[in-house]
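Reader: I'd like a close look at one part of this model, and I'm happy to get a long answer. Start with one strand pairing and work outwards from there.

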Amino acid sequence: RAAAHAGVGVACIPMWEWLRPDLHWLSFVDVMICPTHHCFELMQDWKTRFGYSWKTVLVPWPIDRNRFAFRQRTICREFLFVNGYGGGETSRTDGTPTKYHRKGIELILQAAALCRELRFIIRSLVRIPEPLPSNIRIAPATRDNCHLYEDGDVCVQPSHYEGLGLQLLECQAAGMPLITTRAPPMTEAMPWRTIPVERSEVVEVGGGFISSHLMTPESLVETLRPLIGTDISEASLAARHFVESERNWDDAAGQILSELLGR
């Protein structure tokens, strides 16, 4: 508000899942720099429905590819899951907790219990409840995100929803083929394989309501099991190429700077 009243332009890089159309400060935004197409369409819709006057720009969000050492993966033996803090819990419209986290760790644990052929590495900043199936290895958290993807062959991120999902891009920069949810915005990361969504439900996040996409552990097993022992050399190269050609700061910085300068 102070910036707007002083005549200073206001740019917002929105994380759609935390926004509500009734937030008072939204009326002071001059430009929405949307990091996903999913977010861009939502902000365009809000302009029409609620009368906001901001300029809406799509900039598929980049990462610094040079921070992630590329290692070509060759054979699919271990699946990596990066949990972070888990993404927080949500509640349903009636106030009851969903009892799952945004990143989908419960699906990883259930799939590992269903199919002992699947080998998982989990990196998490929160403690994972024990006992764990013997085919899950807990790797220590790293001080720097560029080291998250050193172990494992294929990255599996069954997110129920994402604002941006940097790990979906970072793993590919490191040469790991990506498997994620068959729903936007996760599919915008150009995954190698996707996990079918059984159904979606409306959940509350930060006082607003969004769609959360639900999968079954059986579908996750069906997606992953055929990949064990397969050659992933080309998929590894394609993952890195996608980040280099579509999601790198070298190309996006100029567009972002132009919008920030109001050009």
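In S10, which residue is the bridge partner of Gln-157?

Author: It's Thr-180: that is the residue of S10 bridged to Gln-157. Keep in mind throughout that this is a predicted model. The pair belongs to the contact between S9 and strand S10 (residues 178-181), two strands that run parallel and are joined by three bridges. Another S10 residue to look at is Ile-179, the bridge partner of Val-156.

Now turn to the other neighbour of S9. S4 and S9 are also parallel, with two bridges between them, and here Leu-80 stands opposite Cys-155 of S9. So much for the edges of S9; what about its faces? In general, side chains in a regular strand alternate between the two faces of the sheet. In S9 both faces are covered: Val-154 and Val-156 are buried on one side, and Cys-155 and Gln-157 are buried on the other. That puts our starting residue, Gln-157, among the buried ones.

Zoom out to the whole sheet. Six strands make an open sheet with parallel pairing, in the order S8-S7-S4-S9-S10-S11. Strand S8 (136-139) and strand S11 (193-195) sit at the edges with a single partner strand each, so each has one side with no neighbour in the sheet. From one strand to the next, the twist averages 25°.

Helices lie across this sheet. H4 lies across S9 and S10 and runs at about 165° to S10. H5 lies across S4, S7, S9, S10 and S11, at about 165° to S11.

What sits in the nonpolar interior? The largest nonpolar core has 24 residues, and Phe-79, Phe-120, Ile-179, Leu-220 and Leu-224 have the most contacts inside it. Two or more residues each come from strand S4 (79-84), helix H3 (105-114), strand S7 (120-124), strand S9 (154-157) and helix H5 (217-224). H3 gives the largest share, five residues. Apart from this core there is another one, of 22 residues, and Leu-80, Cys-146, Tyr-149 and Met-176 are among them. So Ile-179, the S10 partner of Val-156, is one of the most connected residues of the largest core, while Leu-80, which faces Cys-155 across the pairing, belongs to the other. For a single residue to click on, try Leu-220: leaving out residues up to four places away in sequence, Leu-220 touches Leu-107, Ile-108, Ala-111, Val-156 and Ile-195.

Follow H4 next, away from the strands. The buried residues of H6 pack against helix H4 (166-173), and those buried residues are Ser-233, Ala-235, Ser-236, Ala-239, Arg-240, Phe-242 and Val-243. The axes of H4 and H6 come within 7 Å and cross at roughly 115°, and the crossing is left-handed. Leu-169, Gln-172 and Ala-173 make the contact from the H4 side, with Ala-239, Arg-240, Phe-242 and Val-243 on the H6 side. The length of H6 also checks out: 14 residues (233-246) at 1.5 Å a residue should span 20 Å, and the C-alpha atoms at its ends are 20 Å apart, so the two agree.

Back on the strand side, the loop between S10 and S11 deserves a stop. Pro-185 is found in that loop, and a cis peptide bond joins it to Pro-184, with omega about 0°. Met-190 is in the loop between S10 and S11 as well, and its phi is positive, near 55°, though Met-190 isn't a glycine. Met-190 is exposed, with a relative accessible area of 54%. A further cis bond joins Glu-130 and Pro-131, again with omega about 0°; Pro-131 lies in the loop between S7 and S8. For context, most peptide bonds are trans, and most residues other than glycine have a negative phi.

There is also a four-stranded sheet to set beside the six-stranded one. S6-S5-S12-S13 is the order of this open sheet, and its pairing is antiparallel. Strand S6 (97-101) and strand S13 (208-214) are at the edges, and the twist averages 45° from one strand to the next. Strand S12 (residues 199-205) is joined to S13 by seven bridges, one pairing being Arg-199 with Leu-214. In the edge strand S6 you'll find Lys-99, a non-glycine with a positive phi of about 65°; Lys-99 is exposed at 71% relative accessible area.

Notes. Residues numbered from 1 in each chain as written. Predicted model: local features only at pLDDT ≥ 70, side-chain atom pairs only at ≥ 80, totals over all residues. Heavy atoms only, no water. Core = buried A, V, L, I, M, F, W, Y, C linked by side-chain atoms within 4.5 Å. Buried < 20%, exposed > 50% of the residue type's maximum accessible area, 1.4 Å probe, protein only. Contact = heavy atoms within 4.5 Å. Pairing = 2+ DSSP bridges. Axes fitted to C-alpha atoms, helices over the stretch in contact; angles between N-to-C directions. Expected span 1.5 Å × (residues − 1). Left-handed = near helix turned anticlockwise from the far one by under 90°.
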